[in-house]
2 protein chains.
Amino acid sequence: MQLDLPEIIDFLTTHLGDGGVIRDPASVERYTVDWAGNRRGDPLVVARPRTTHEVATIVAFCHRNVIRVVAQGGHTGLVGGALPDTDHPELMISLERLNRVRSLDPLNLTMAVDAGCILQQIKDTAEAEECFFPLSLGAQGSCQIGGNISTNAGGLNVLRYGMMRQLVLGLEVVLPDGRIWNGMKALHKDNSGYDLKQLFIGAEGTLGIVTGAVLKLSPRPSMSRTALLALPSIEAALELYDQARRHCCDLLSAFELIPRACLELAFEAAPQTPDPFDTAYPVYVLLDITASGPVDLDSLVEQLFEAGLSSGQVLDGVLAGSESQANQLWKIRELMVEGQQRRGEHLRTDISLPISSIAEFFADASHRMATLSPESTVIAYGHVGDGNLHFNVLPPALPLEDQKALLQRLETALFELVERFDGSISAEHGIGRTKQRPYWATLSDTEKELLTGIKHLFDPQQLMAVGRILPEIPENE
Amino acid sequence: MQLDLPEIIDFLTTHLGDGGVIRDPASVERYTVDWAGNRRGDPLVVARPRTTHEVATIVAFCHRNVIRVVAQGGHTGLVGGALPDTDHPELMISLERLNRVRSLDPLNLTMAVDAGCILQQIKDTAEAEECFFPLSLGAQGSCQIGGNISTNAGGLNVLRYGMMRQLVLGLEVVLPDGRIWNGMKALHKDNSGYDLKQLFIGAEGTLGIVTGAVLKLSPRPSMSRTALLALPSIEAALELYDQARRHCCDLLSAFELIPRACLELAFEAAPQTPDPFDTAYPVYVLLDITASGPVDLDSLVEQLFEAGLSSGQVLDGVLAGSESQANQLWKIRELMVEGQQRRGEHLRTDISLPISSIAEFFADASHRMATLSPESTVIAYGHVGDGNLHFNVLPPALPLEDQKALLQRLETALFELVERFDGSISAEHGIGRTKQRPYWATLSDTEKELLTGIKHLFDPQQLMAVGRILPEIPENE
């Protein structure tokens, strides 16, 4: 870094206008403490550009003066990707003021947006035009679409609508040298040359800062049905999933697996919540079917339920009779996550497996965790239709250092098992900084070389989001 | 090139076994003349490996000895990508013997295949397991999945199931230096690091040779309905599309626009074909709705038809009452393409536009073509739901050189218009060699630099599929 801090602040103040630079400790707090509240990082300074051009101006300035940069959206990430690196000071670019919906085309089913638009704002804007932006996740009230794109966000509706990557038609990116790449095409089909946008989606800001996107919308479903079904086992849940995919002819938009232990965490978080059933069952499935047009959804859900009952896959079920009942069922899933949070530090993972391996993995992994730490509680649930499990472990009360060491051992053992099952250690949260080491350890030399080469091509000075996905100093092997 | 031909042949013969090397002119014909039959290119020699390892051995040999390589699948491409370059001799690697289905997992809805598997073989294999591989295109009886992946193939069902890119979960690639990248994961969700496979999909073999893939399957639809509707105008077709997307709640799997002039080409190709209607109408839409499970498709189609009739979007319609009637309707679309072929050399394009611009583009482009060449006939049809038009022009009878010059002028004028409408000059066929120049002319300096950088990273010696997508000698600007 060739400049001192006052010079940097002076440049930013000149170019970003009122409120464009934040430094005082009280205001900076929300940029520096991560969503889970247990990690902190201090940036050089927080810059808040309002336009793509302003982002480009800051990045070019950093490039000229060899200043590290990290972008931040809603700061709801779970792997420390947007958290500033205190050891190597970074200028933080918050996209929060770059938040206009640029345009919406209902016939083309597309919407052009700034990267700083909040996901819920995008969903609401689409809905007002009888369209639907399907990305749905817990943080949607505060996460930003630029962050969703940079982390290739997933969530509840991936089964039907795909991940963020499938929902991006065009992209605008400020490259690490400050140039703007304008790839804002609103085309459903474009096969001309390398698809550059694919490189930036999911790259966690290491190859450039996403400043705008053209999103793919769907027609707004006008009806939905939600059901909570009680099942005897994980195996039954997988059979039911297979059945439901065929029976509901692609109208299934969510299929969540919730073992009993998870449901109990929801009751722990909100003790007034009634158990939807009279009896405790081993496993539950929460599913959504949505459609527009003249389809009889009630009969679809009821027939699926009846077929499950008669084959023994399903033991009992609650079909939501109204939107508010449906919301209550989904509320249980939210409370379950809240219940986990309250238990304090725990192993939180985000793995994926071939769907056909889930039952075996579940058994093996539970056994492995129990062997390593009999007092721990496995809390594993997930988006079964995507093969995505949040296989989490709540440790027993221990001195802090012992607990950390235990969680580390459990993670290592779990990730080994994931690799043995040809799974992924990150299905949707990404790699960021917290999973950088275990991720890198899974790569072949060829992969390490290709990734490092790509990073070097876009960011030869190693200034942008350094230490995320790739190691701090690329290993040349 | 440091070796002479006998040395190359000797190496190949030693490593590829019986039938692994083809040289005699009669046998080599099908590799050297392209699908349309009007372009030809002679390779150094045709190598036919049977395994990924054999592909890697050949590529490593070429890398060591600075021999150019081009891969070929079913050789049904339309832009000369797999056609050997006679001016700069290339060793051709035909993937046709690398054609095993490696595995199929019905619960995970995935299938692992060799690159040389023929698309129809893959579709049939999936169907036998009650699964469905949705990629559907005219050449499916001979095109190979490796070519489909390398060109990011589209076809008829993109509207519902996406292009090839959306149907690939895992990939195996032989890199230009002969190393094998194994990315054959069968995961529906994987968010760990840069998604390397995206680089190879649609790269037309310029970054590596795809040797295997894990494909994403869908549940097999058990019912389908096909309808041919007659409409007053392109505008009405777009309104109907909007209506159909909402009304058919994502069960619409094809929506083809066919103006009258195109229908007449079908009758020209097969004069015994009856006009499905008593009267000639300006525009037709051919649509498919498919589902499995208890959905009343008849009522879906009938209600769409009735609504169209009463709003005036639809003037008349034929709903296929049986599979054979449905096939007859689709046959008309095939014949239409055949009718064009019979007219000889013509301007064949594959553009895409925002769906909301199609009507205006159609009018502007037709006017522009008529101004430039009043005797030409515009034959424009396409996958409206993808914004993808085959805007083709049949020239009048002219001396060959004059005709070529005319077609060139028409193409240039059309592509200018496409750019003005923020469209793409290639929605599905790709760039290959025939569109390399007009494509490159649309790029910004930043894009040219990034593309060239990526090519250089993977293939620094410029040996693989040279001259496809990127210019022969990358421009450093």
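Which residues line the largest cavity? The lining is made up of A:Y194, A:D195, A:L196, A:Q198, A:L199, B:Y194, B:D195, B:L196, B:Q198, B:L199 and B:I454. The model is predicted, so local features need pLDDT of at least 70, side-chain atom pairs count only at pLDDT 80 or more, and totals for chains, interfaces and linings use all residues. Residues are numbered from 1 along each chain as its sequence is written, chains are lettered from A and ligands numbered from 1 in the order in which they are written, and side-chain values use heavy atoms, with hydrogens and water left out.

A cavity is a set of points, on a 1 Å grid over the protein atoms alone, where a 1.4 Å probe fits but cannot get out, and its lining residues have an atom within 4 Å of a point. Its volume is the space filled by probe spheres set on the points, which are joined across faces, edges and corners. Six cavities of 30 Å³ or more were found in a search of the whole structure. The largest has a volume of about 90 Å³. In its lining, α7 (197-200) of chain A and α7 (197-200) of chain B each supply at least two residues; helices are DSSP runs (H or I, at least four residues) and strands likewise (E, at least two), numbered from the N terminus. Seven residues of this lining are nonpolar, two polar and two charged. Here Ala, Val, Leu, Ile, Met, Phe, Trp, Tyr, Cys and Pro count as nonpolar, Asp, Glu, Lys and Arg as charged, and the others, Gly among them, as polar.

The second largest cavity holds about 50 Å³ of space. Its lining takes in A:R245, A:C249 and A:D250 from chain A, together with B:R160, B:Y161, B:P219, B:P221, B:A291 and B:S292 from chain B. By class, five of these residues are nonpolar, one is polar and three are charged.

Chain B can be laid on chain A with an RMSD of 0.0 Å by a turn of 180° and a shift of 0.0 Å along the axis (least squares on C-alpha atoms of residues with pLDDT of at least 70 in both copies). The two copies are therefore related as by a two-fold rotation axis. The same surface serves both, as 100% of the contact residues of chain B recur in chain A. Contact (heavy atoms within 4.5 Å) joins 88 residues of chain B to 88 residues of chain A.

Terms used. 1 Å grid on protein atoms, 1.4 Å probe; cavity = no way out; pocket = protein on both sides within 12 Å on 5 of 7 lines; lining within 4 Å.
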